[in-house]
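The exercises that follow go through one protein chain step by step, each with a worked solution. Please keep the sequence and the coordinates at hand while reading.

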Amino acid sequence: MKRLTAGIILLVTLVICVAAFLIFRQPATFRLDPEYYDTAQIEDIDIAELRELVDERKTFAVFAHQPGCQTSVELSQIVQDFSAEHQLKIYQTNFSDLKASGLVPNLRFYPTFVIFRDGEVVAFLAADSDEDAAAFSSLDGFTKWFSKYVEV
């Protein structure tokens, strides 16, 4: 009888541990602040304005491009299509200014796309990452990357 009780307790504990692992291993997605929904818009923003959003602990997204860069042009079109399809307001700024600002630690290559949650960087596209390559090459790839973090 004691073995049966110990076995049941062990089984229940194992089930609870597995359930907890499955629940907590995938980070939950979140929503941008409400003002970024229901409007398909790409809006230029300077670093001072970005700092204000960070200081105000806003949740938003920024596309950072480099003038004259063909990859920036291609990702810009994907971001524009994404904004239109999902009715999202997205900021855009110059990559060199963003990198110099220090707002995004470990930022090295352009173009990139940065997601902020409560004023903190949650994720950014790394141009040198094989894992992020699909996001640079198609609307579907970008949507999948963005949707890992943000509800659309």
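**Exercise 1. State what share of the chain is buried, and describe its make-up.**

Solution. In this predicted model, buried residues account for 38% of the 152 residues in the chain. The next step is the surface, where the accessible area of the chain comes to about 9100 Å², with 55% of that area belonging to carbon and sulfur atoms. Turning to secondary structure, the chain holds 6 helices and 5 strands, and reading along the sequence gives the pattern α-β-α-β-α-β-α-β-β-α-α. Finally, if one takes the contacts between residues at least 6 apart in sequence, 68% of them join residues at least 24 apart.

**Exercise 2. Work out the order of the strands in the sheet, and determine how the strands pair.**

Solution. The 5 strands form an open sheet with mixed pairing, and their order is β1-β3-β2-β4-β5. The edges are β1 (41-44) and β5 (120-124), each of which pairs on one side only. Averaged over the sheet and with direction ignored, neighbouring strands are turned by 30 degrees against each other.

The individual pairs can then be taken in turn. β1 and β3 are parallel and share 4 bridges, and here Gln41 stands opposite Lys89 in β3. β2 and β3 also pair in the parallel sense, over 4 bridges, with Phe63 opposite Gln92 in β3. By contrast, β4 (residues 112-117) runs antiparallel to β5, to which 4 bridges join it, and Arg117 stands opposite Glu120 in β5.

As a last step, consider how far β3 is covered: 5 of its 6 residues are buried, so β3 is largely enclosed by the rest of the structure.

**Exercise 3. Identify the strands that helices α2 and α3 touch or lie across, and give the angle of each helix to β2.**

Solution. Helix α2 (residues 47-55) packs on the sheet and touches β2 (60-65), β3 (89-94) and β4, while its direction makes about 155 degrees with that of β2. Helix α3 (residues 70-86), for its part, lies across β1, β2, β3 and β4, and runs at about 155 degrees to β2.

**Exercise 4. Explain why the buried residues of α2 are on the same side of the helix, and describe what covers them and what is found at the helix ends.**

Solution. Begin by listing the residues of α2 that fall under 20% relative accessible area: the buried ones are Ile47, Leu50, Leu53 and Val54. Around the axis these residues cover an arc of only 115 degrees, which places them on the same side of α2. The general rule behind such a pattern is that an α-helix has 3.6 residues a turn, so residues three or four places apart point the same way. The cover over the buried residues of α2 includes β2, β3, α4 (95-101) and β4.

At the N-terminal end of α2, Asp46 acts as a cap, since one of its side-chain oxygens lies 3.2 Å from the backbone nitrogen of Ala48. Just after the helix, Arg57 takes a positive phi of about 60 degrees.

**Exercise 5. Decide whether Ser101 is buried or exposed, and name the residues it touches.**

Solution. Ser101 is located in helix α4. Its relative accessibility is 13%, and because the cut-off for a buried residue is under 20%, Ser101 counts as buried. Leaving aside residues up to four places away in sequence, Ser101 touches Ile47 and Arg51; of these, Ile47 is one of the buried residues of α2.

Conventions:
Residues are numbered from 1 along each chain as its sequence is written. This is a predicted model: local features need pLDDT of at least 70, side-chain atom pairs count only at pLDDT 80 or more; totals for chains, interfaces and linings use all residues. Side-chain values use heavy atoms; hydrogens and water are left out. Two strands pair if DSSP finds at least two bridges between them. Helices (H or I, at least four residues) and strands (E, at least two) are DSSP runs, numbered from the N terminus. Axes are lines fitted to C-alpha atoms, for helices over the stretch in contact, and angles run from 0 to 180 degrees between N-to-C directions. Contact means heavy atoms within 4.5 Å. Buried means under 20% relative accessible area, exposed over 50%, partly exposed in between (1.4 Å probe, protein chains only). The arc is that of the directions from the helix axis to the C-beta atoms. A polar contact is a pair of N or O atoms within 3.5 Å; within protein, one must be able to donate a hydrogen and the other to accept it, and residues adjacent in sequence count only if both atoms are side-chain atoms. Accessible areas come from the Shrake-Rupley method with a 1.4 Å probe; for residues, only the protein chains shown count as cover.
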